[in-house]
Amino acid sequence: MLRPRKKGLPTTLPGFAIWNGDVEKFLAALPSEPIFDLIVSSPPYNIGKSYENKKALEKYLEWQERIIDLMIPRLKDTGSLCWQVGNFVDNGQIAPLDIEFAPIFKKHGLQLRNRIIWHFGHGLHNKRRFSGRYETVMWYTKSDDYVFHLDAVRVPAKYPGKKHFKGPNAGQPSGNPMGKNPEDVWSVNPEDVWSIPNVKSNHVEKTDHPCQFPVGLIERLVLSLSEPSALVFDPFAGVASSGVAAALHGRRFVGCEIGDAYAKTGLSRLQDALDGNAKFRPHDKPIYDHTRSKLSLAPEAWAKDDLK
Ligand SMILES: C[S@@+](CC[C@H](N)C(=O)[O-])C[C@H]1O[C@@H](n2cnc3c(N)ncnc32)[C@H](O)[C@@H]1O
């Protein structure tokens, strides 16, 4: 049963719920039946953000493993799990968390389908190593019989006018008229305009949360990896960005979030999405072409160009 942790904070909307408390307790209290169609989350990375207590990597992984052990039996056989992670950093040394998590998922027999590189092009500048500019989404399925709707997330082809050069289809368009596979590198390079920027201070989705998912990132996963009306679960829901993506596309959502303020913001974002008032950047919106900006030129060239 979902109950507000603090008096007065409603946590459910029809088909949508946020458990404002510890995910481990929530999962331990759930019947051990497969109910989730898609699990999608970005866990705390144990890097000392305001919402976490940094601990030794082994202790952190033991904690995460306990949660994953509780979660997997509740994922349907046709279901998918997407775990979005970056690096654990200690004393200038990085431990890529996808590598650290892999043995835990393998123990459960999950099948890795893609390791998506999400390149966002912004972040902290390092002086003693190359600045990190990507994170990964590990997409696992529970079986071979999994949901995958590629057509729902195709992106425009680079050369839609390309034709077969020879053979029986010579002269016919060679690409899929619905667009191309978005591939496993989701990059903000200028030539790859169908990408998904991260949520920085000027992003339309920005809330008080320091590490939000962009809704578009989850839209692409929800659309391709679940059926309409599927139940999406985010164990570390933050401000419910996964829930917003689920609501936008007719899926249902359950999330767990220990922070009261984040849970409250998440619930109001869900309400907005259900009312058709979500503030979000759609996954299929082309990215801003930074070469059109005056700031892309050296100051001495500013006077000579007519760029805005
Ligand atoms: C990386 S953030 C996720 C942000 C989220 N993807 C979003 O778009 O808002 C991780 C979240 O997990 C929450 N959290 C940490 N420990 C938790 C626990 N034991 N149970 C539930 N939530 C927890 C944190 O408060 C934080 O909001």
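## Surface and overall build

The protein exposes about 16,500 Å² of surface, and 54% of that comes from carbon and sulfur atoms. Bear in mind as you look around that this is a predicted model. Of the protein's 308 residues, 44% count as buried.

Six helices and eleven strands make up the secondary structure. If you take the contacts between residues at least 6 apart in sequence, 69% of them join residues at least 24 apart.

## Aromatic pairs across the chain

Aromatic rings are a good place to look next. The count comes to 14 aromatic pairs. One of them is F26 with F233, a stacked pair with 5.9 Å from centre to centre and 20° between the planes. This pair links distant parts of the chain, with F26 in helix α1 (residues 23-29) and F233 in strand β10 (residues 231-234), 207 residues apart. Both F26 and F233 are buried.

W83 and F236 form another aromatic pair, this one edge-to-face, with 6.4 Å centre to centre and 70° between the planes. Here too the pair links distant parts of the chain: W83 belongs to strand β4 (residues 75-85), while F236 lies in the loop between β10 and α5 (241-248), 153 residues apart. W83 has 0% relative accessibility, so W83 counts as buried. F236 is also buried, because its relative accessible area of 15% falls under the 20% cut-off.

## A ring cluster and two charges over rings

W83 and F236 also belong to a cluster, in which ring pairs link them with Y60, W63, F101, F105 and Y140. One cluster member, W63, has a charge for company: the charged end of K55 sits over the ring of W63, 4.6 Å from its centre.

A similar arrangement involves W186. The charged end of R220 sits over the W186 ring, 4.5 Å from its centre.

## Around the ligand

Now to the ligand, which has 22 residues around it. Those that come nearest are H209, F213, V239, S241 and E257.

Which atoms of V239 and the ligand are 2.8 Å apart? They are a polar backbone atom of V239 and an oxygen atom of the ligand. Nitrogen atoms of the ligand have polar partners as well: a polar side-chain atom of D22 lies 2.9 Å from a ligand nitrogen, and a polar backbone atom of I258 is 3.2 Å from a nitrogen atom of the ligand. On its own, the ligand has 600 Å² of accessible area, and the protein covers 96% of it.

Technical notes
Residues are numbered from 1 along each chain as its sequence is written. This is a predicted model: local features need pLDDT of at least 70, side-chain atom pairs count only at pLDDT 80 or more; totals for chains, interfaces and linings use all residues. Side-chain values use heavy atoms; hydrogens and water are left out. Helices (H or I, at least four residues) and strands (E, at least two) are DSSP runs, numbered from the N terminus. Buried means under 20% relative accessible area, exposed over 50%, partly exposed in between (1.4 Å probe, protein chains only). Contact means heavy atoms within 4.5 Å. Accessible areas come from the Shrake-Rupley method with a 1.4 Å probe; for residues, only the protein chains shown count as cover. Rings of Phe, Tyr and Trp (its six-membered ring) pair if their centres lie within 6.5 Å; planes under 30 degrees apart count as stacked, over 60 as edge-to-face and the rest as tilted. A charge sits over a ring if NZ of Lys or CZ of Arg is within 6 Å of the ring centre and within 35 degrees of the ring normal. A residue is near a molecule or strand if one of its heavy atoms lies within 4 Å of it. A polar contact is a pair of N or O atoms within 3.5 Å; within protein, one must be able to donate a hydrogen and the other to accept it, and residues adjacent in sequence count only if both atoms are side-chain atoms.
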